[in-house]
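Visitor: I would love a close look at one part of this model. Could you take your time over it and walk me through what you find?

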Amino acid sequence: MAKFVEMDDRMKFKDQIEEKIIGSVILINKFNVEPNKVEQFLKDWGEDATNFKQQPGFISTQLHRGIGKSSVFINYAVWESMEHYKKAVNKILFSPESQSPLLKYDDNSLVISPHLFKKVAVPGICVD
């Protein structure tokens, strides 16, 4: 199984997903991939994203790769609500019949760090 590492030690991902949030939520997921597994990761991430894209409440996703020889990836995904995201995660990640290919790495060659965010307004700069 892929190795999970928290982005914030004070607020675990499993606790975040239980928060009552009004409005959209953003998932930022950092992936550290062994260089020799990048092509397989891209294939698996594409399959995983296709499954999530078909779920109610999905708005968008974008995968980013570190520049140069980096094998660090960041996924930025937007969901209509925490409830939509939670239902999709439970269906895709935790149901035996449709498990994510990203969870099947059994050699710790993939490190996953998911964290949920909400937009923040800063006057004159950005809106929530």
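Which residue forms a salt bridge with Asp107, and how far apart are the closest N and O atoms?

Guide: Happy to take you there, with the reminder that this is a predicted model. The partner of Asp107 is Lys37, and the closest N and O atoms of this salt bridge lie 2.8 Å apart. The pair ties together distant parts of the chain, since 70 residues separate the two. Asp107 sits in the loop between α3 and β5, while Lys37 belongs to the loop between β2 and α2.

How open is this spot to the surroundings? Asp107 has a relative accessibility of 38%, so it counts as partly exposed. Lys37 is also in the partly exposed class, because its relative accessibility is 24%. For that class the value has to fall between the buried limit of under 20% and the exposed limit of over 50%.

It helps to set this contact beside others of its kind. The whole structure holds 4 salt bridges. One of them joins Asp8 to Arg10, with 3.7 Å between the closest N and O atoms. Here the two partners fall into separate classes: Asp8 is partly exposed at 21% relative accessibility, whereas Arg10 is exposed, with a relative accessible area of 76%. Another brings the side chains of Lys14 and Asp15 together at 3.6 Å, N to O. Asp15 counts as partly exposed at 35%, and Lys14 is exposed at 57%.

Now back to the elements that flank our two loops, for they also take part in the largest pocket. Each of β2 (25-33), α2 (38-53), α3 (82-94) and β5 (110-117) supplies at least two residues of its lining, as do other elements, including α1 (13-16), β3 (58-65) and β4 (72-79). The largest share comes from α3, with 5 residues. The volume of this pocket is about 570 Å³. Its lining is made up of 29 residues, and those closest to the centre are Phe4, Phe13, Tyr85, Leu93 and Pro114. By class, the lining contains 21 nonpolar residues, 5 polar ones and 3 charged ones.

So, if you keep one picture in mind, let it be this one: a salt bridge between Asp107 and Lys37, with one partner in the α3-β5 loop and the other in the β2-α2 loop, while α3, β5, β2 and α2 themselves contribute to the lining of the largest pocket.

Notes: Residues numbered from 1 in each chain as written. Predicted model: local features only at pLDDT ≥ 70, side-chain atom pairs only at ≥ 80, totals over all residues. Heavy atoms only, no water. 1 Å grid on protein atoms, 1.4 Å probe; cavity = no way out; pocket = protein on both sides within 12 Å on 5 of 7 lines; lining within 4 Å. Points joined across faces, edges and corners; volume = space filled by probe spheres on them. Helix = DSSP H or I, 4+ residues; strand = E, 2+ residues; numbered from the N terminus. Nonpolar A, V, L, I, M, F, W, Y, C, P; charged D, E, K, R; others polar. Buried < 20%, exposed > 50% of the residue type's maximum accessible area, 1.4 Å probe, protein only.
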